[in-house]
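Let's take a walk through this one together. Have the model open beside you and follow along.

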Amino acid sequence: MSEDDPFGGREPTSHERMSGRPWDASYWDGPAPWDFGGPQPAVERVAAAGGFAGTVLDAGCGSGENTLVIASLGLPVLGVDVAETGLKMAREKAAERGISAEFAMADALHLERLGRRFETVLDSGLFHTFNTEERREYAASLATATQYGGTLYVLCFGDEGADVGPHPVSQEDLRMAFGPGSGWAIASIVPERVRTVFHDENGAPAWLATVKRTAG
């Protein structure tokens, strides 16, 4: 990335176009809004229940807190993001904690470029940043990197309840993105919470969707 091209040669997302800043800028002036100092409790619960298996992809890993929770289980994990600063922080955390995890720069809308397929995929806080068109593109991108029969967990801001987060989405938004013909089938959508630096310990209303990779 450079001052002339802060997006590193990729097409900026709708959020970046709206804000006029690359995702990396979220880390420049203190903690990013989602960087509250630990992993998402919802991700910890999925991990504790044995929800992660095989090789794991953390799409939009940020500074790596969720990635490192999964890696601490002994699973091979790749965390990807477009924010160089976040990835640098993630690698430093992994080294400090003695946890083995891989981090790489990658565009979530073009995960086919990884040339790899994963058994489990996590999206914590990325889906809701995309507009409707990007969500369909994102679902297709995720499909290229997920084994048939694999599982995707999407933790995103929800539209039900008080003090919702930015870009809240509905259950219908999730069903549209991962509906028939997308290569995905939604197994469940349950209410959850997302921690941020702007909310108290209870976090903001969220959805946790469990989605299965299908052949269709």
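**Starting from an aspartate**

The side chain of Asp81 comes to 2.9 Å from the backbone nitrogen of Ala83. Keep in mind that this is a predicted model. A second backbone nitrogen, that of Cys61, lies 3.3 Å from the side chain of Asp81. Asp81 itself belongs to strand 2, residues 77–81. With a relative accessible area of 11%, under the 20% cut-off, Asp81 counts as buried. Leaving out residues up to four places away in sequence, Asp81 touches Gly60, Cys61, Gly62, Leu87, Ala104, Met105 and Ala106.

Now to strand 7, residues 204–213. Nine of its 10 residues are buried, so strand 7 is largely enclosed by the rest of the structure. Strand 6 (residues 184–194) runs antiparallel to strand 7, and 10 bridges join them; here Val194 has Ala204 as its bridge partner. Strand 5 (residues 146–157) is also antiparallel to strand 7, joined to it by seven bridges, with Phe157 standing opposite Ala206.

Stay with strand 6 for a moment to pick up the charged pairs. Glu192 meets Arg45 in a salt bridge, 2.7 Å from N to O. This one links distant parts of the chain, as Glu192 is in strand 6 and Arg45 in helix 2 (residues 41–48), 147 residues apart. The two partners have different surroundings: Glu192 is buried at 14% relative accessible area, while Arg45 is partly exposed at 47%.

The model has six salt bridges. One of them joins Lys88 and Glu92, with the closest N and O atoms 2.6 Å apart. Both residues sit in helix 4 (residues 84–97), four residues apart, or about one turn of the helix. An α-helix has 3.6 residues a turn, so residues three or four places apart point the same way. Glu92 is partly exposed, at 36%. Elsewhere, Glu102 and Arg116 form a salt bridge at 3.3 Å, N to O. Glu102 is in strand 3 (residues 102–105) and Arg116 in the loop between strand 3 and strand 4, 14 residues apart. Glu65, Lys93 and Arg97 are linked in a network of salt bridges.

Last stop: helix 5, residues 132–144. Does its length add up? At 1.5 Å a residue, the 13 residues should span 18 Å, and the end C-alpha atoms are 19 Å apart, which agrees. At the start of helix 5, a side-chain oxygen of Asn131 reaches to within 3.2 Å of the backbone nitrogen of Glu133. Buried residues in helix 5 include Glu134, Arg135, Tyr138 and Leu142.

Definitions and conventions:
Residues numbered from 1 in each chain as written. Predicted model: local features only at pLDDT ≥ 70, side-chain atom pairs only at ≥ 80, totals over all residues. Heavy atoms only, no water. Helix = DSSP H or I, 4+ residues; strand = E, 2+ residues; numbered from the N terminus. Expected span 1.5 Å × (residues − 1). Buried < 20%, exposed > 50% of the residue type's maximum accessible area, 1.4 Å probe, protein only. Polar contact = N/O pair within 3.5 Å; in protein donor to acceptor, adjacent residues only side chain to side chain. Contact = heavy atoms within 4.5 Å. Pairing = 2+ DSSP bridges. Salt bridge = Lys/Arg side-chain N within 4 Å of Asp/Glu carboxyl O.
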